[in-house]
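Hello,

I am passing on to you the structure we talked about, and I have written down below what came out of looking through it. Please open it beside this message and follow along.

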Amino acid sequence: MSDNTPNLKSSHQPLLSVRSLSVEFGAGFKAVKDVSFDVEPGKTLAVVGESGSGKSVTSLAIMRLTDYTGGRIVGGEVMFRPAQGEAIDLTKASDDTLRSIRGNDIAMIFQEPMTSLNPVFTIGNQIAETLVLHERLNARDARLRAKELLQKVRLPDAERLLDRYPHQLSGGMRQRVMIAMALACNPKLLIADEPTTALDVTIQAQILNIIRDLQQEMGTAVIFITHDMGVVAEMADDVVVMWKGEKVEQAPVRDIFAAPQHPYTRALLSAVPRLGSLQGQPLPKRTPVMVMDGGEPRLVGETHVQNTADYAKPLLQVDKLTTRFDVGKTFLGRVTHRVHAVEEVSFDIYPGETLALVGESGSGKSTIGRTLQQLVEPTSGTVRFDGRDMAAMSHGDRRRLRQEIQYIFQDPFASLDPRHTVGYSIAEPIVVHGLIRDRKAIEKRVHELLEHVGLQPQHAKRYPHEFSGGQRQRVCIARALASDPRLIIADESVSALDVSIQAQIVNLLMELQERRHLSYLFITHDMAVVEKISHRVAVMYLGQIVELGTRQAIFENPQHSYTRKLLSAVPIADPQRERAKMRIEGEIPSPVRPVGQEPAIHRMREVGPGHWVAVEADALRGAA
Amino acid sequence: MAAFILKRLLQAVFVVLAVTLIVSFAIRLSGDPAVMMVGGAGSVTEQDLQNIRQSLGLERPFIVQYLSFLQGIVVGDFGKSFMGGTPVSQLIGRALPSTLLLAFASLITSIVLSVPLGVYAAVKRGQWQDQTIRILSLVGLSFPNFWLAIMMVLFFSIMLGLLPPSGMEGPQSFIMPALTMAIILTATNVRLVRTSMLETLSQQYIMVARSKGLKDWVVLYKHALRNSAIPLVTYIGLQFGGLIGGLVIVERVFNWPGMGTLAFDAIAARDYPVLQGTITVLALFIIFINIVIDIAYGLIDPRIRTE
């Protein structure tokens, strides 16, 4: 590739220079094809792309970790310039050389903080291990350095943390430990593979800040692998866009956002949900999505204002719903602790309306969904559907209610039975609820449903593994529609999807809402998607709603400090904007409480028509 | 921890009650010790047999016999053997150490063999080394232990004259019985280690360990093995029951003076006290091993410790 000759204007040479790298798996499947890029010392290069674009394989291949995943580097070179000595081609380096570079000159942070620390060793042990190995420190000095490193990533109480095990830490804390571990030997290059994807937004903002600060302090170059254009805009100096194993574009971050050259980059950027894009508009709006069709971008969908909500009479009324789970029992079976998942939550959903329930992990948003779907028994409170109290319903009526309220889960693969055809899975609710008896008629209905969600009737005979992630989520939507429900609970239903797929599924949900007059309870942590899809928004924090109002009120006039914090934590896909200065500190407190210690229920006051805010003096103990 | 051990001890009491009740009842269905004692000679009158039963306390109702046996256990008295009147505790005292020695020797041999082989097979997954290990393990699984024992005697003792064919006469006597048991245990344990290691090696923290620049053997034996140990330790606990069962046969073939031989002879002679005593002690021992294993879980995995 000739467009990648080293930058002649800079006097120094690049730290890392990847040239025509190709990586193959199994019998000739090329995951990475002929990819080249440079990383300058102290700079951040973002590698972006969707799942299957080869971005993660590229990052593993740099340190030759692909050797352990069955991958083979079949072409190209990876020239790395260590602190001392000449540049080395890592693709040809000996195992000993590689081991002396790994963790020492080049370190890596992985995506899943929950699984990237070894569960059976203490935090201190795992950090010290690298120091003992590469810096030949003795156990005492290594421990001391480990403590300093933990302080550097702003973990409180570092001394005690050294002797703790990973499972005793939250996801955000573990990711900081991971960063401390990676930075232990002052690496010249840090490879971060989706380091914040699995974290809550406020924690993500903290981690990004830490990486940025330490990078400046230590002069580390960073390769940042991500699919999130907001993160790219906040972190990167330069951007490499990958698509189907190839690099399709490379440019400084401002140029990528201002003037994307390759059609795929344009499609990718157009699909990114942007916070504030619907400013001044009272209703959510469907907008066309640019998708890649063959090699060409194509606009799909139409612009349509979602004026579907009918505020005459609520479909679902939730009043003072409380759900608690017992955890921790004494020897004699007495409960010592309870999870206060949901505490006196009240809200209504109207026909044709989308109510978004937003909050971070542990906020209780999913428990509300499960309670409505009767998967969890509420501790107290009433739920009325169509004016009828759920608790007073007969067994048969409750069954019928299951048909009227359907659920779409986060993971489209885990929620479809891999041993049945998707046609079978879609037909199941129809059969279970006895909606249609005739086999031919059921088949016809399944075909209709598949067409409604943008699939083909002949897909009914296929199995879940034959579909892509986005198609599988369409199948799940078809299944949810099969029993002709009036309310659909979508629990993080688009969170795991690539942005362009996500945008299409959001459009599909909105289109179905209009066509079938559906109501949605849209549970998510993603504020940008919320802005696009919802009529009203309820913000949850530690089991209680802290703010409830129209979409416009919440996004344009947030009143509660937690809502503001949540909104400010969302990375904005605009590199022109000044990078986040706001310091967000602190973990989300645990909803587990000893028996007898009830949380304070905060009062709500109305600050505008239908805009309710929790009185902060009552609640938010140590939250903001 | 104290609560946990207390709970397990309570369970142990129930297990011992159930096991002894079943054993005591079942052996009484199988034949009359009085007839066995007189060797089935025709010249014995019914009155003679009656007298023998009376002297052994067998004329009492079953439940009375069982309760008096339980009463004895509490103070550590298992009664006297019907054959020769030696106290059962003395017989067990002689047999238990040789059985435990054999059991632990075979277990340790099997661990020493199966862990490196299993780890190696996992690392070489799908390659010829892995295939070979898996085929060998299947072959090992297919051997009945008595056949393996006899083959070993034929080969090492009779053909080569290297090892004593039977008895317990010194360290060499251990090799064949321990190896017989070990081969069978190893065959299953290798597969278990392999599967468990494959699962662990696919975890992200293993990739993290490699990205730190650790040597392969540190990654495998420090980071991966301890995470793979739980299934192996669980299985070893379960194996103990089977191990003891297997020892009955292996001890027979090698004429090893252990608990297996003692129990076997007691069944043949309808020697109720010896059989009840042996079974009770073995049951207690298996319970003890399983408590040790539960404690070991916590040592291996801190996530279990805090629960």
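**What was found in the structure**

In the contact between the two chains, 20 residues come from chain B and 25 residues come from chain A. Please keep in mind while reading that this is a predicted model. On the side of chain B that touches chain A, at least two residues each are supplied by helix H9 (204-211), helix H10 (216-253) and helix H13 (302-305) of chain B, and the largest share, 7 residues, belongs to H9(B). Sorted by class, the residues on this side of chain B are 8 nonpolar, 6 polar and 6 charged.

Turning to chain B as a whole, you will find 13 helices and 0 strands, so please look for helices when you trace this chain from its N terminus, where the elements run α-α-α-α-α-α-α-α-α-α-α-α-α. The C-alpha trace of chain B spans about 85 × 55 × 30 Å along its principal axes, and 33% of the 307 residues of chain B count as buried. Among the contacts in chain B with a separation of 6 or more, 72% are accounted for by residues 24 or more positions apart.

Chain A is divided into domain 1 (1-7 + 14-105 + 189-261), domain 2 (113-184) and domain 3 (274-386 + 523-624). Taken over C-alpha atoms, the centres of domain 1 of chain A and domain 2 of chain A are separated by 24 Å, and their contact takes 13 residues from domain 1 of chain A and 13 residues from domain 2 of chain A. On the side of domain 1 of chain A that touches domain 2 of chain A, the largest share, 7 residues, comes from helix H7 (residues 201-218) of chain A, and by class this side has 10 nonpolar, 3 polar and no charged residues.

Finally, there is the nonpolar core. In soluble globular proteins, nonpolar side chains tend to be buried together. The largest nonpolar core here has 235 residues, of which A:Ala180, A:Val232, A:Leu357, A:Leu521 and A:Val539 touch the most other members. The largest share of this core, 13 residues, comes from helix H8 (residues 171-201) of chain B. If you would like one residue to start from, take A:Val232, which, leaving aside its neighbours within four places in sequence, is in contact with A:Ala46, A:Val48, A:Thr226, A:Val239 and A:Val253.

With best wishes

Technical notes. Residues are numbered from 1 along each chain as its sequence is written. Chains are lettered from A and ligands numbered from 1 in the order in which they are written. This is a predicted model: local features need pLDDT of at least 70, side-chain atom pairs count only at pLDDT 80 or more; totals for chains, interfaces and linings use all residues. Domain bounds come from an automatic or database domain assignment. Two residues are in contact if their C-beta atoms, placed from the backbone, lie within 7 Å. Helices (H or I, at least four residues) and strands (E, at least two) are DSSP runs, numbered from the N terminus. Ala, Val, Leu, Ile, Met, Phe, Trp, Tyr, Cys and Pro count as nonpolar, Asp, Glu, Lys and Arg as charged, and the others, Gly among them, as polar. A nonpolar core is a set of buried Ala, Val, Leu, Ile, Met, Phe, Trp, Tyr and Cys residues joined through C-beta atoms within 7 Å. A residue is buried if 20 or more other C-beta atoms lie within 10 Å of its own, exposed if 12 or fewer, and partly exposed in between; C-beta atoms are placed from the backbone.
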